[in-house]
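Q: Please take a close look at one part of this structure and describe how its elements are packed. A connected account would be preferred to a list.

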Amino acid sequence: MKPYGKFTGCWLGLVLLSLGGTFDRSTPARSAALEPSEGNQEKTEAQEATMRMARETLHLKFEGEVKPAQAANFSGIGSENLKFTRRLDSRTFISYNRRFSGADKSNLYRGENEDLLEKTRGVLSALGIPVAEVASEKVLLESTQVGHRDMNSGRVISEEAEKGKRYALVTRQINGLPVFSSRALIGLTGEGEIGFLEVHWPLVPAKVIEDARQFERIVREGWHPPERPGADVESITVGIIHSPAVGTAMDVYPTIRVIYAPKDKRIGMKAVLDLNPEGNPVPVPRTFLEPPREDLKLQRATPQP
Amino acid sequence: MQRITIVNCAVILFGGLTSLFCSSFSVRANSLVVSTGAVNNYNGNNDLTNRINTAAGFRSWFLIDGSTLFSAWTDGNLWGSDFRDQGSLNDLEPSGGSDRAQVYLFAGHGLCENPPTPGAGDFVLVNGNFGKPDLTRVGTSSVWGNDGGRLQFMFLDASCPMDLAEITTEWFSPFGGLHMATGHSGDQNHDSLDSLNRSDVFGSYLIGYAPAQISAMPVGDAWMASGLMDVQSGVCAVAAAAGDTRDDAINRRENEFVTSNWPNPSNNWLAWKWICLN
């Protein structure tokens, strides 16, 4: 018998057993990409860093039992009503406070718009987001309204619209190149604490920026997008796209983004093509390294008469 | 919501040593039934490129959470009749009617007015190889959650399917048991773009991912947080909820999750909210 630790002799392989539990027979295979990871020193350090970021950097106030969690490329911490998570592979941070939602108008943020923007700048600075990469800042105002149908007349009677939550939206550019897929969206509670936070600001490799600059030169020199039936070119913009905030993949690509306006103006939704200088689509940034398995049917049977 | 724990264990035999490593995850019992319908191919009449991918991204979050897929028809396999309450072929069609699932995402074209006015209509446009016509006016042809239908949440990722000017004229009737609907308000010059990720991100906020402490959000707030991705200035993300009473409608608009499992409301009251990209 070979000593423990050597891969010879008595290696008998791996046996997987599923023990216990039942689930709906039609439940599809779970994505391997989001399985909880095993504990190790790195995981502990990552969780401690997440805890510090939540409490000391963002001043999140957890109440009751607080649980850390780490799954795939996420490290999070949460209590019953407040959650915070960050990606370990991207400058991405997400937080949601259950108290941010609800019908209680007294829980709406009471500060001025400029205060909301100032607090947002502070949060972005604390998270290491470069000021030089901010393209625009704006405050978005939610509105709410209620109506009912009069049972006798059938007429709808609407109340006056009211103000709801406010969000600060910050968009991104790198030396003038728009990063279409990045953003910061922050909403505060009535107490001025973070109610909702999504800061998705991944590092962009230098090669991607360099390629985007090349795309810019080509476009300036008279690049023409492909024609598209039923639509006219509305705009051509060179920029950068990447994978979304919540996911296990982080793909980043330069792109020539062409927006097409429909010739028939009634048909809504403008087509968007992300192209390279050859006029071919750039790869679609993935959400998952391993998407959930689906067993999709390709053809739908038409009903028999 | 009751959860069921699945335990996977690996028995590793190595040398003379036997080791057992286990990990576990949980899925929701009584998982949701979800459908999507997405159209890229409109026969050269302003074809789109990202609708099918974004619908797949939306579905992924539900499938990871243990939901069951009912249908995911695309292009010509998605029929106009799937969105209509009446007719020999309708929204209860067994292979893909929109009222068969509890959650339905449509990703495709709508119709935009310039500007939208009360009575002009909100629309869903497909390019089906059956179930004609392709155009469905929501306010006069769609009723969800009625007559055995089980749709609770209808999400329209299209252009102008929920114009603010038409909420009160178009959107009471479709709530036949339906809990909430989401969409966009815009016009011919201020429109939604064919987004890669908007519905994908929406799905992630609807479902969350507990093992990473990513929280699910109420439907209305999940849409407010994602609906303005890849839209032009002047477009609004809109969420509407029906209720038996005023307070019920408001409570659902602000607090109902896709997993709340609340009973079907009547459509006596409607509470809606919107956020616009200025």
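A: In chain A, 35% of the 305 residues are buried (20 or more other C-beta atoms within 10 Å of a residue's own, against 12 or fewer for exposed and partly exposed in between, with C-beta atoms placed from the backbone). The model is predicted, so that local features need pLDDT of at least 70 and side-chain atom pairs count only at pLDDT 80 or more, while totals for chains, interfaces and linings use all residues. Residues are numbered from 1 along each chain as its sequence is written, and chains are lettered from A and ligands numbered from 1 in the order in which they are written.

The part chosen for closer examination lies in chain B and centres on three helices (DSSP runs of H or I, at least four residues, numbered from the N terminus). Helix H5 of chain B, residues 219-226, is largely enclosed by the rest of the structure, because eight of its eight residues are buried. These are B:Val219, B:Gly220, B:Asp221, B:Ala222, B:Trp223, B:Met224, B:Ala225 and B:Ser226.

H5(B) packs against H4(B): the two axes come within 9 Å and cross at roughly 145 degrees (lines fitted to C-alpha atoms over the stretch in contact, with angles from 0 to 180 degrees between N-to-C directions). This crossing is right-handed (the near helix turned clockwise from the far one by less than a right angle). H4(B) contributes B:Arg198, B:Val201, B:Phe202, B:Tyr205 and B:Leu206 to the contact, and H5(B) contributes B:Val219, B:Ala222, B:Trp223, B:Ala225 and B:Ser226 (C-beta atoms, placed from the backbone, within 7 Å). Eight of these residues are nonpolar, one is polar and one is charged (Ala, Val, Leu, Ile, Met, Phe, Trp, Tyr, Cys and Pro count as nonpolar, Asp, Glu, Lys and Arg as charged, and the others, Gly among them, as polar).

H4(B), residues 198-207, also packs against H1(B), residues 51-64, at an angle of about 15 degrees and with the axes 7 Å apart. H1(B) and H4(B) are therefore roughly parallel to each other (an angle under 35 degrees). Their crossing is right-handed. On the H1(B) side, the contact is made by B:Thr54, B:Ala55, B:Gly57, B:Phe58, B:Ser60, B:Trp61 and B:Phe62. The H4(B) side is formed by B:Arg198, B:Ser199, B:Asp200, B:Phe202, B:Gly203, B:Ser204, B:Leu206 and B:Ile207. By class, the contact of H1(B) with H4(B) divides into seven nonpolar, six polar and two charged residues.

How values were computed. Helices (H or I, at least four residues) and strands (E, at least two) are DSSP runs, numbered from the N terminus. Angles under 35 degrees count as roughly parallel, over 145 as roughly antiparallel, 65 to 115 as roughly perpendicular and the rest as oblique. Two residues are in contact if their C-beta atoms, placed from the backbone, lie within 7 Å.
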